[in-house]
Amino acid sequence: MRGTGAGMTSTVAAAAELELELQTQSVQENRSGSGSECSETVVEDSEPRKSNHSAQCALDARREDSAKESEGVPLELCSLWSSTSSSSPTSGGSRRTSSATSDDICAVPAMHSSCSPKSAGRGVPRSKRSWIDDLTGEEKQKLKSKLELETLDATSIRPSHKFLVDFPEWLDEMFRDFDDGLIALAQKRTDRPVYAVSWFFSALTSIESALWMPFVLFSLGYDSAGTVMTNTLLVLSLFSQVPKRFIWRARPWMLGRAKGVRKDPTSSFPSRGVACAIVFPVMILFAIEQERRAHIALWIYVSAVLVTVVFTTFARVNVGAHYPSDVLGGLVLGAFVLACSFASLHTWTALHCMAPHDRYPSEPQLELHSDTFWSLVSVKQVILCGLASFSVALMSGVSPIRFWLKNNYVYGLLLSSLTFRFVFLCPSCSSTGVGLVASAALPSAWIHLKTILAGGLMIALSFALKPKQRGFPEWAVNAQRLVKFLLMYSAALAMMIYFRLRSQL
């Protein structure tokens, strides 16, 4: 700290001394009645004095060299240098604003790097000040809420969470030219038609867009597909949230490196949308394979992944939400999630309830129907699974970890599907060996539509149940999240049981 303060003081003193010399030189020029060739002012029918020109250029060069000696120059000096370099004395003693052109004999001194947008993230760049001023009141409130900050200013673009690591600065610098070049290319057009495409693919590859799938599949009796999607989405939600929670990288629009077409307030690295663009097509196609027991050609997998990844990459960069280097991180994350998802399916094999003939009771008297459900079902097992799910939501949502604050609907829908699969479709894990039976026939189109609408209702309910934070202490907000998790979990589990029992009538 002492070294930094001493360096800053010497820089300020040097700048003041140079400014005094510049002013002295200007007075001498005014007395001699000559102009400076470094400004754009031209004295008609007269030649500028070479000595004055050389002295002016030497002073400008010394001022620029002094600026480069320190990294954290205050904004006051940046404004001082820019104001003194933007005006110069004329031969008549008056001053006029100059705008540098390529014809100038000596260039106006460049602003120090800490004042330019390129060094955003170190010091207080001008770009940070401008984008905050452009935010609406609602956007500022949303940003403060997400980052959990009481006030929002140019230096506070970082959440106040514990256990948070900043994205390595050397890595950001290494990808700077790569990122900035592709961002400029992707944002050549941000009008409504292009934004509509970006919005569509951003919504299509958000993790929330797939949460209803296991609920609907288990309700309709597509148990193999439901198993694949439950495992994959649980692995995806877990591993994709780890870097999002513990690594902070300000989004491009936050640093003025991109236009803020869509002002997402969370961390930029990695791109979860791109990870989902890899996972979703593979998950859906593999679920169809498992359900129909039919092979799908590899080229279909590859084509589906390429289309979703390309369009999602463009969409996320086009709206200013991600750097292209975030996309590379998303590709690695997506591949890792798929590998872990396929490995997790072996858990059901180890429990002896992965194959269709192992998922259902071996004897008719152990089958759960509407008239035998409450007499045969293991209420104790349901309660234990509910307590385990509640514990996961509790540890994820409260301090100091606060892993994922969306637990009321992410965990509410996914953990209820996992409970349904474990309790009612895995007789080997039941103390009595009971379970639901497979659907005798393919449900009608009306039942499909009704179940899908129920899934959409669950998603709509999850968004409506967001906790109210303004004016509430932290413990009250956490209590709201847990109560709403219980509502989502219980409602989803009850509706899945209801639809399955109704299908047997």
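Over the face of which residue does R249 lie, at 4.0 Å from the ring centre? The residue is Y323. This is a predicted model, and I will use R249 as the way into its charged and aromatic contacts.

R249 has a second ring to deal with. Its charged end sits over the ring of F167, with 4.1 Å to the ring centre. R249 also forms a salt bridge with D179, where the closest N and O atoms are 3.4 Å apart. That pair links distant parts of the chain: R249 is in the loop between β4 and α11, D179 is in helix α7, residues 176–186, and 70 residues separate them. Both R249 and D179 are buried.

Next, F167. With a relative accessibility of 11%, F167 counts as buried, because the limit for that label is under 20%. F167 pairs with F269, and the geometry is tilted: 5.0 Å between centres and 50° between planes. F167 lies in the loop between β3 (165–166) and α6 (169–174), and F269 in the loop between β4 (247–248) and α11 (272–292), so this pair ties together parts 102 residues apart in sequence.

In total, the model has 12 aromatic pairs. Elsewhere, one aromatic cluster is formed by F218, F373, W374, F420 and F424.

Back to the charges. Side chains of opposite charge can pair when their charged atoms come close. The structure holds 9 salt bridges. Which residue does D172 bridge to, with the closest N and O atoms 3.4 Å apart? That partner is R257. D172 sits in helix α6 and R257 in the loop between β4 and α11, so the bridge ties together parts 85 residues apart in sequence. D172 and R257 are both buried; for R257 the relative accessible area is 11%.

R257 also meets the side chain of D180 in a salt bridge, at 2.9 Å from N to O. Here D180 lies in helix α7 and R257 in the loop between β4 and α11, so the pair connects parts that are 77 residues apart in sequence. Is D180 buried or partly exposed? At 26% relative accessibility, D180 counts as partly exposed.

Finally, the bridges I have listed belong to a network of salt bridges that links D172, E173, R176, D179, D180, R249, R257 and D326. To recap the two arginines: R257 bridges to D172 and to D180, while R249 bridges to D179 and lies over the rings of F167 and Y323.

Note on methods
Residues are numbered from 1 along each chain as its sequence is written. This is a predicted model: local features need pLDDT of at least 70, side-chain atom pairs count only at pLDDT 80 or more; totals for chains, interfaces and linings use all residues. Side-chain values use heavy atoms; hydrogens and water are left out. Rings of Phe, Tyr and Trp (its six-membered ring) pair if their centres lie within 6.5 Å; planes under 30 degrees apart count as stacked, over 60 as edge-to-face and the rest as tilted. Helices (H or I, at least four residues) and strands (E, at least two) are DSSP runs, numbered from the N terminus. Buried means under 20% relative accessible area, exposed over 50%, partly exposed in between (1.4 Å probe, protein chains only). A charge sits over a ring if NZ of Lys or CZ of Arg is within 6 Å of the ring centre and within 35 degrees of the ring normal. A salt bridge is a side-chain nitrogen of Lys or Arg within 4 Å of a carboxyl oxygen of Asp or Glu.
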